[in-house]
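User: Please take one part of this model and look at it closely, strand by strand and helix by helix. Then set that part against the rest of the assembly.

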Amino acid sequence: MAVLAASGLRKSYGGEEVVAGVSFGIAPGECFGLLGPNGAGKTTTLRLCLGLVDPDGGSIELMQRPVPGEARRARVRVGVVPQMDNLDPDFTVEENLLVYGRYFSLPERTIRERIPPLLEFAGLAARAASRIQTLSGGMKRRLTLARALINDPDLIFMDEPTTGLDPQARHLIWERLKQLLAQGKTIVLTTHFMEEAERLCARLAIMDRGLPSVMKRPRSSSHGTSSRTWSRSTGTASRPGPGGRRFRSPPGSREAATPCSATRRIPRRCSRASRDGPNCAICTGPRISKTSS
Amino acid sequence: MRVFALPSMSLRFVPVWRRNLLVWRKLAVPSLLGNLADPLIYVLGLGYGLGSMLPQVGGVPYIAFLAAGMVCSSTMNSATFEAMYSAFSRMHVQRTWDAIMNAPLDLDDVVLAELVWAASKSVLSGAAILAVVWLLGLTHSLLSLWVLALVPLVGLAFGALALAVTAMARSYDFFMYYFTLVITPMSLLCGVFFPIDQLPATFQAIAAFLPLTHAVAIARPLLLGEIPGYAALHVLVLLAYAAAGFYAASVLFRRRLLK
């Protein structure tokens with residue numbers, strides 16, 4: 001039973017198609033990544049899934065509820081960490097959590113009981129009474145993460161969670177996300193850092209210009225996919241198939257003869273590789289085996 | 001089309017209203033001073049200053065005449081300011097609305113919360129002026145207590161109109177248009193500072209359609225100890241402006257934020 005399922009999502013702004021036929025299914029407990037450059041349509045896809053904008057085409061189901069029809073009810077079990085921090089500058093750390101918890105119609109006592117463990121989780125226990133302006137960027141991001149957890153969500157959306165943070169802050173966030181995954185929560189995150197996607201995500205989709213180009217499992221090969229359609233995940237990792245490796249092999253080796261599943265060409269004959277050089281995002285990423293598992 | 005649907009109203013707006021209240025409590029003293037000082041200065045300055053030169057206006061000393069107008073005017077200004085500058089800050093600058101809408105709340109809930117909050121703040125304003133009116137002994141009638149019921153209605157009407165303006169604003173500067181072209185003329189045309197029948201006939205006809213006229217038409221008789229004539233009509237006009245403004249604001253905010 002998917003916590004989030006999208007099919008054929010489309011969205012245009014001013015005649016330009018920003019999301020052009022995105023489909024995926026996310027199982028409970030999974031970490032799913034949307035990887036791509038700025039302007040690829042990742043944030044728009046998130047906003048579509050949350051029901052904050054209406055799609056021009058396609059359908060979405062969030063927590064088994066249709067979106068945008070029942071989006072508001074679906075968001076009861078969802079947490080969101082946006083790209084830009086939108087914490088309340090007039091409130092302290094603690095008050096931010098309290099006020100946000102009230103939006104979920106949680107009993108006051110429940111909210112107050114959840115605040116100390118959340119502050120602990122965010123490493124902000126000592127700063128409960130601090131004003132937001134006195135926090136560093138990393139602290140604000142951790143607070144935003146804690147705030148997204150006030151309703152104990154099953155699914156958490158994170159839009160570029162570590163953009164703009166220094167390496168130490170990034171690692172702290174990654175540790176927290178791994179803890180959340182260990183608790184069985186589902187995470188959907190967008191990022192433009194390959195490293196982040198590979199560290200955290202069981203599956204990821206590379207988006208470019210509104211189109212998902214390839215669906216991958218970062219550390220093992222996935223079953224074969226066509227470049228435009230996506231398969232539902234069973235949530236289990238498949239065993240590596242032949243030719244499934246983490247890094248691109250030098251041209252001329254046998255492994256280099258394995259075709260890229262997006263372009264269906266072997267790298268040294270692929271026009272995209274020759275145009276983009278060895279840095280083509282598709283072929284320098286994890287390799288896809290052509291065989292189904 | 002979702003954009004033109006009637007706004008849904010529910011108690012979900014309450015946590016958002018409480019949030020605004022909590023912010024206000026931190027700044028309560030300067031806020032109250034601000035709400036009170038301006039109209040107070042007008043009442044005392046013009047009331048005693050001009051009033052000492054004028055014969056009775058509308059059958060009463062000018063300061064008593066003016067006070068009724070100032071109750072309405074300060075309520076209008078307070079609701080307008082809150083629904084424009086403060087709401088815009090929350091929506092556009094702080095992105096507070098975005099944060100709220102990631103929770104299980106809709107844009108309709110947020111807009112309703114902003115409207116009710118603007119009206120709530122204006123009640124403080126109007127009530128403060130009313131208290132001064134009582135203290136100065138400018139009214140001797142218990143009917144003046146009804147003004148406390150009028151004030152939230154005035155706040156809703158002007159708050160709603162102001163929210164519609166906020167929905168269209170790209171920056172704070174846009175609000176100057178509304179103040180200069182709508183609020184200030186209304187303050188002068190609607191019987192706040194002098195009786196409407198001093199105006200040329202055309203302007204009197206225009207004034208009849210403006211919401212502030214109807215507010216003053218209820219407030220002044222009440223403060224002077226009389227039951228306002230056509231009270232139901234005046235109340236209906238204010239309600240109509242509140243409803244129309246709220247609907248327009250909802251549609252405009254949807255077009256702006258949900259695309």
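Analyst: pLDDT is the predictor's confidence in each residue, on a scale from 0 to 100. Helices (H or I, at least four residues) and strands (E, at least two) are DSSP runs, numbered from the N terminus. This is a predicted model, in which local features need pLDDT of at least 70 and side-chain atom pairs count only at pLDDT 80 or more, while totals for chains, interfaces and linings use all residues. Residues are numbered from 1 along each chain as its sequence is written, and chains are lettered from A, ligands numbered from 1, in the order in which they are written.

Confidence comes first. The model has an ipTM of 0.90 and a pTM of 0.83. Chain B averages a pLDDT of 93, with 100% of its residues at 70 or more. Within chain B, the lowest mean among the elements, 85, belongs to helix H2 (residues 28-49), and the highest, 97, to H6(B).

The part examined here is the open sheet of chain A. Chain A as a whole holds eight helices and 10 strands. Of its 293 residues, 43% are buried (20 or more other C-beta atoms within 10 Å of the residue's own, against 12 or fewer for exposed and partly exposed in between, with C-beta atoms placed from the backbone). Counting contacts in chain A (C-beta atoms, placed from the backbone, within 7 Å) with a separation of 6 or more, 64% join residues 24 or more positions apart.

Four strands make up the open sheet, in the order E2-E1-E4-E5 (chain A), and their pairing (at least two DSSP bridges between two strands) is antiparallel. Strand E2 (16-26) and strand E5 (65-67) of chain A are the edge strands; each has a single partner strand, so one side of each has no neighbour in the sheet. On average, neighbouring strands are turned by 25° against each other, direction ignored. Strand E1 (residues 4-13) of chain A is joined to E2(A) by eight bridges in the antiparallel sense, and one bridge pairs A:Leu4 with A:Ile26 of E2(A).

Helix H1 (residues 42-50) of chain A packs on this sheet and touches E1, E2, strand E4 (57-62) and E5 of chain A. The direction of H1(A) makes about 120° with that of E1(A) (axes are lines fitted to C-alpha atoms, for helices over the stretch in contact, and angles between N-to-C directions run from 0 to 180 degrees).

Two backbone details sit beside the sheet. Most residues other than glycine have a negative phi, and most peptide bonds are trans. A:Met63, in the loop between E4 and E5 of chain A, has a positive phi near 50°. A:Met63 is buried, with 21 other C-beta atoms within 10 Å. After E5(A), a cis peptide bond joins A:Val67 and A:Pro68, with omega about 10°; A:Pro68 is in the loop between E5 and helix H2 (71-74) of chain A.

Elsewhere in chain A there is parallel pairing. Strand E6 (residues 78-81) and E7(A) run parallel over four bridges, in which A:Val80 is matched with A:Phe157 of E7(A). E7(A) also pairs in parallel with strand E8 (residues 186-191) of chain A, over five bridges, one of them between A:Ile156 and A:Ile187 of E8(A). All five residues of strand E7 (residues 155-159) of chain A are buried. A:Leu155, A:Phe157 and A:Asp159 point one way from E7(A), and A:Ile156 and A:Met158 point the other way.

Chain B offers a helix pair. Helix H6 (residues 147-168) and helix H9 (residues 211-223) of chain B pack at about 170°, their axes 10 Å apart, which makes H6(B) roughly antiparallel to H9(B) (over 145 degrees; under 35 counts as roughly parallel, 65 to 115 as roughly perpendicular and the rest as oblique). H6(B) contributes residues including B:Val147, B:Leu150 and B:Phe158, and H9(B) residues including B:Pro211, B:Ile218 and B:Leu223. By class, this contact has 11 nonpolar residues, no polar and no charged (Ala, Val, Leu, Ile, Met, Phe, Trp, Tyr, Cys and Pro are nonpolar, Asp, Glu, Lys and Arg charged, and the others, Gly among them, polar).

Between the chains, 21 residues of chain B are in contact with 20 residues of chain A. Helix H1 (14-26) and helix H4 (96-102) of chain B are the elements that give two or more residues to the chain B side. That side has 10 nonpolar, three polar and eight charged residues.

Technical notes. Contact = placed C-beta atoms within 7 Å.
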